[in-house]
Amino acid sequence: GSMVGSLEFCAGKLGSKLILVLGHTQCGAIAGATKTYLGSKDGPTSKNVGCALEGLLIGLSRVAQQAEDELGVGAELDTLVAHSVKVNVFHSIDFLLKFSEPLRELVKSGSLEIQGGIYHLETGRVEFLGRSPRQSEFLTSDSSLPPSLQALPIRTTVHGWMPHPEALKLLKEGNERFAVGAAIAGRITPAMRKALVKEGQAPHTAIIGCADSRAPLETVFDA
């Protein structure tokens with residue numbers, strides 16, 4: 001949240017016309033995440049996350065997974081790590097576009113460019129990557145806050161019924177947050193509790209699951 005807010009201030013108030021997301025070669029975090037991802041393919045582990053660093057590496061493992069998908073299974077470790085750095089740069093750009101409405105609007109109007117680059121430690125040169133390949137997709141996002149600042153609204157009887165396409169969209173979005181470790185449910189305020197008591201609940205979906213699913217269904221869908 002603080003990073004996004006700082007960039008919104010820089011571009012919106014100070015007038016910066018370019019944001020450069022800069023990764024670098026020989027990145028220890030990306031290398032560790034890649035090894036974590038490759039290790040997880042040998043079989044699931046029941047070990048809990050023991051520290052913030054371990055949680056970070058697990059969170060970045062999806063970057064390594066995408067890099068492997070693009071390069072193909074069997075790529076050399078160094079090649080996979082190098083490509084993961086590039087993938088992570090674009091992931092960071094996509095995050096800004098997806099979760100910052102002010103930055104999106106500036107990009108749409110042509111007042112701001114968000115591009116990526118990789119600093120090569122070996123030569124001192126910066127490789128400029130340009131825009132994210134998915135920029136046009138994320139410019140259609142309707143999110144206005146990063147996950148760390150979001151809170152899910154509650155539904156009461158005053159909201160009425162929800163059309164099933166919209167309900168399915170919420171389930172898909174919630175599962176995506178759960179899958180990447182960016183869940184936002186559970187932040188219940190006193191006002192929310194009072195509204196539930198006064199107005200009554202109005203769930204948008206009824207889900208039938210299995211008691212052996214390892215996680216409560218409301219957790220799986222971040223609801």
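Helices here are DSSP runs of type H or I that span at least four residues, and they are numbered from the N terminus. The legends below describe close-up views of a predicted model.

**View A. A salt bridge within helix α5.** The side chains of K108 and E105 form a salt bridge, with a distance of 3.5 Å from N to O. Both residues belong to helix α5, which covers residues 101–108. They are three residues apart, or about one turn of the helix. An α-helix has 3.6 residues a turn, so residues three or four places apart point the same way. K108 is partly exposed, at a relative accessibility of 45%, and E105 is likewise partly exposed, at 40%.

**View B. A salt bridge within helix α7.** E173 is joined to K169 by a salt bridge in which the closest N and O atoms are 2.6 Å apart. Helix α7 spans residues 164–179. The two partners are four residues apart in this helix and are therefore separated by about one helical turn. E173 is partly exposed, with a relative accessible area of 32%. K169 is also partly exposed, with a value of 41%.

**View C. The salt bridge between E137 and R134.** Side chains of opposite charge can pair when their charged atoms come close. Here the side chains of E137 and R134 meet at 2.7 Å, N to O. E137 counts as partly exposed at 42% relative accessibility, and R134 is partly exposed at 38%. The search of the whole structure finds four salt bridges, among them this pair.

**View D. The hairpin of strands β2 and β3.** Strands β2 and β3 run antiparallel and are joined by four bridges. One of the paired positions is G116, whose bridge partner in β3 is G130. Six residues lie between the two strands of the hairpin. In the turn, G124 has a positive phi of about 85 degrees. The loop between β2 (113–119) and β3 also holds L121, which is partly exposed with a relative accessible area of 43%.

**View E. A nonpolar patch on the surface.** L18, L20, L22, Y119, L121, V126 and F128 make up a nonpolar surface patch of about 650 Å². Two or more residues are given to this patch by each of β1 (18–24) and β3 (126–130). Strand β1 supplies the largest share, namely three residues. L121, by contrast, reaches the patch from a loop position.

**View F. The loop after strand β1, at Q26.** Q26 is placed in the loop between β1 and α2. The phi of Q26 is near 60 degrees, a positive value in a residue other than glycine. Q26 is exposed, with a relative accessible area of 61%.

**View G. Helix α2 at T36, with S61.** T36 is part of helix α2, which runs over residues 28–40. The relative accessibility of T36 is 29%, and the residue counts as partly exposed. T36 and S61 are 25 residues apart in sequence, and their C-alpha atoms are 6.7 Å apart in space.

**View H. The cysteines C10 and C27.** The structure holds zero disulfides. A disulfide is a covalent bond between the sulfur atoms of two cysteines. C10 is partly exposed, with a relative accessible area of 28%, whereas C27 is buried, at 13%.

**View I. The contact of S141 with the backbone of K98.** S141 lies in the loop between α6 (135–138) and α7. The side chain of S141 reaches the backbone oxygen of K98 at a distance of 2.7 Å. S141 counts as buried, because its relative accessibility of 17% falls under the 20% cut-off.

**View J. Helix α8 and the glycine that follows it.** Helix α8 comprises residues 190–199 and is hardly covered. Among its ten residues, the count of buried residues is one. G200 follows α8 and has a positive phi, near 90 degrees.

How values were computed. Residues are numbered from 1 along each chain as its sequence is written. This is a predicted model: local features need pLDDT of at least 70, side-chain atom pairs count only at pLDDT 80 or more; totals for chains, interfaces and linings use all residues. Side-chain values use heavy atoms; hydrogens and water are left out. A disulfide is a pair of cysteine sulfur atoms within 2.5 Å. Buried means under 20% relative accessible area, exposed over 50%, partly exposed in between (1.4 Å probe, protein chains only). Patches are made of residues with over 30% relative accessible area and no salt bridge: like charges are joined within 9 Å, nonpolar side chains (Val, Leu, Ile, Met, Phe, Trp, Tyr) within 5 Å. Accessible areas come from the Shrake-Rupley method with a 1.4 Å probe; for residues, only the protein chains shown count as cover. Two strands pair if DSSP finds at least two bridges between them. A polar contact is a pair of N or O atoms within 3.5 Å; within protein, one must be able to donate a hydrogen and the other to accept it, and residues adjacent in sequence count only if both atoms are side-chain atoms.
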